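Trainee: Could you take me through one part of this model slowly, and then show me how the parts around it are put together? I would like to follow the reasoning from one residue to the next.

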Amino acid sequence: MGKDYSICVGAVGFGGGVWHSPDTGETWNRIRDPFVLGAQVRALVPYPDDPNRILCGSDQGIFRSEDKGATWVKLWSPMEGVPIWNIAIDPVDTATIYVGIKPAALFRSRDDGRSWTKLPVEMAQYCHIGPPMVTALMVDPRDHNTVWAGVEVDGVYRSLDGGDSWTHIDTGVHPDIHGMAISPGDEHRVLFSTPREIYYTTDVGESWESLTTTENFPLPYSRGIAFKADDPNVLFSALGESAISSAGALQRSTDGGQTWETRPLPVEPNSNIWGFVTHPSDPDFILASSLMGELYSSEDAGDSWNKLKREFTEVGAMVWVPN
């Protein structure tokens, strides 16, 4: 592999915690300090203005690395002992951080994690799968006062004032939110994936349209979605048979979601393909994961894929940054 990147994987289960590779997945180190054995890591996000800095969210609280994931320190937060499912950093004011948890709720820091406020948004606390969780959380790069949250299972929430107030969008989109992506192009599209359908809005959630349904896909269960970091026409969708299955597939569209193709992987995935991570420093390099521990990488925007040798338990989060 010719790329020179640092990769962090957040794992769940017996082999949980943060795993760090300084060499694009050739070698790995399990970070033991300050994480407690068995940490359930489901959120990893790099700072938009400094690839050395990464935030991590787990059921043991929130952590930060200043050296691309090689070492970590724990931050004080009121989320101590609560499962953190998502983190978003304001791309304009990177001292502003949003955190989504399970049971579903949102927190915000205005001072780079030194203090925190629980935000005034009432999300559902019970659903048919148990406590809902914040499965999607993003700050809009065009207008950093617009913040989006998606909840499994409670639909879409939107703030137009930096998190001070929220609107629950409960019409036009299925409430079982799995993934989210914001178009990097001039046409401002916000996408949310649900089990059987991908929806989009171009008017900040006032109306919604169906981009595609899984009837067009080889497997019926839709999970993560992502745009190529520099091209609004290139989309990726992660698939499985059901919420936990022994089959997975990866779809790519090069025309904005009008048509899709299955991109072959080097081996049959051991479970659902779950999610993707990209970085604007190299839009062609993409990481994908299966639910049960496999990592796949592409250096050509999804034309071809390699399987990384290291396997994990359950992959809860991924991030990569340039060295």
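Mentor: The charged end of Arg53 sits over the ring of Tyr47, at 4.2 Å from the centre of that ring. Please keep in mind as we go on that this is a predicted model, and that every value I quote has been computed from it.

Tyr47 takes us straight to a sheet, because strand 4 covers residues 41-47 and stands at an edge with a single partner strand. Arg53, for its part, falls in strand 5, which covers residues 50-58. The sheet is open, has four strands in the order 4-5-6-7, and is paired in the antiparallel sense. At the other edge stands strand 7 (73-75), which, like strand 4, has a single partner, so one side of each of these two strands is left without a neighbour in the sheet. From one strand to the next the twist averages 30°. Further in, strand 5 and strand 6 (residues 61-65) are joined in antiparallel fashion over five bridges, and if you look for the partner of Ile54 in strand 6 you will find Ser65.

Strand 6 also holds Ile62, a residue that repays a careful look. With a relative accessibility of 0%, Ile62 counts as buried, because the cut-off for that word is under 20%. Although Ile62 and Leu75 are 13 residues apart in sequence, their C-alpha atoms are 5.7 Å apart in space. Setting aside neighbours within four places in sequence, the residues in contact with Ile62 include Cys56, Val73, Lys74, Leu75 and Ser77, and also Ile84, Ile87, Val99 and Trp116.

Val99 can be followed in turn, since its own contacts beyond four places in sequence include Ile62, Met79, Ile84, Asn86 and Ile87, as well as Ala105, Leu106, Phe107, Trp116 and Leu137. Val99 is also named, together with Leu55, Ile84 and Ile87, among the residues with the most contacts inside the largest nonpolar core, which has 16 residues. At least two residues of this core come from each of strand 4, strand 8 (84-89), strand 9 (97-101) and strand 10 (105-109). As a general tendency, nonpolar side chains in soluble globular proteins are buried together.

Let us turn next to the aromatic rings, which form 13 pairs in this model. In one of them, Phe35 and Trp72 meet edge-to-face, with 6.0 Å from centre to centre and 70° between the planes. Phe35 belongs to the loop between strand 3 (29-31) and strand 4, while Trp72 belongs to the loop between strand 6 and strand 7, so the pair ties together parts that lie 37 residues apart in sequence. Phe35 is buried at 6% relative accessibility, and Trp72 is likewise buried, with a relative accessible area of 6%.

Another pair is made by Phe285 and Trp320, whose ring centres are 5.0 Å apart and whose planes stand at 85°, so this pair is edge-to-face. Here too distant parts of the chain are linked, for Phe285 is in the loop between strand 24 (273-277) and strand 25 (286-290), whereas Trp320 is in strand 28 (residues 314-322), 35 residues away. Both Phe285 and Trp320 are buried, and with Tyr5 they form one aromatic cluster.

The loop that carries Phe285 joins two strands of another open sheet, in which four strands follow the order 24-25-26-27 with antiparallel pairing. Strand 24 and strand 27 (306-307) are its edge strands, each pairing on one side only. Strand 24 pairs with strand 25 over four bridges, in the antiparallel sense; within strand 25, Ala288 is the bridge partner of Phe276, and Ser290 is that of Ile273. Although strand 24 is an edge strand, four of its five residues are buried, so it is largely enclosed by the rest of the structure.

Phe276 leads to one last residue, Ser237, which touches it. Ser237 lies in strand 21 (residues 231-240) and is buried, with 0% relative accessibility. Besides Phe276, the residues that Ser237 touches, beyond those up to four places away in sequence, include Ile198, Phe217, Ala249, Leu250 and Trp260.

Technical notes. Residues are numbered from 1 along each chain as its sequence is written. This is a predicted model: local features need pLDDT of at least 70, side-chain atom pairs count only at pLDDT 80 or more; totals for chains, interfaces and linings use all residues. Side-chain values use heavy atoms; hydrogens and water are left out. Two strands pair if DSSP finds at least two bridges between them. Axes are lines fitted to C-alpha atoms, for helices over the stretch in contact, and angles run from 0 to 180 degrees between N-to-C directions. Rings of Phe, Tyr and Trp (its six-membered ring) pair if their centres lie within 6.5 Å; planes under 30 degrees apart count as stacked, over 60 as edge-to-face and the rest as tilted. Buried means under 20% relative accessible area, exposed over 50%, partly exposed in between (1.4 Å probe, protein chains only). A charge sits over a ring if NZ of Lys or CZ of Arg is within 6 Å of the ring centre and within 35 degrees of the ring normal. A nonpolar core is a set of buried Ala, Val, Leu, Ile, Met, Phe, Trp, Tyr and Cys residues joined through side-chain atoms within 4.5 Å. Contact means heavy atoms within 4.5 Å.
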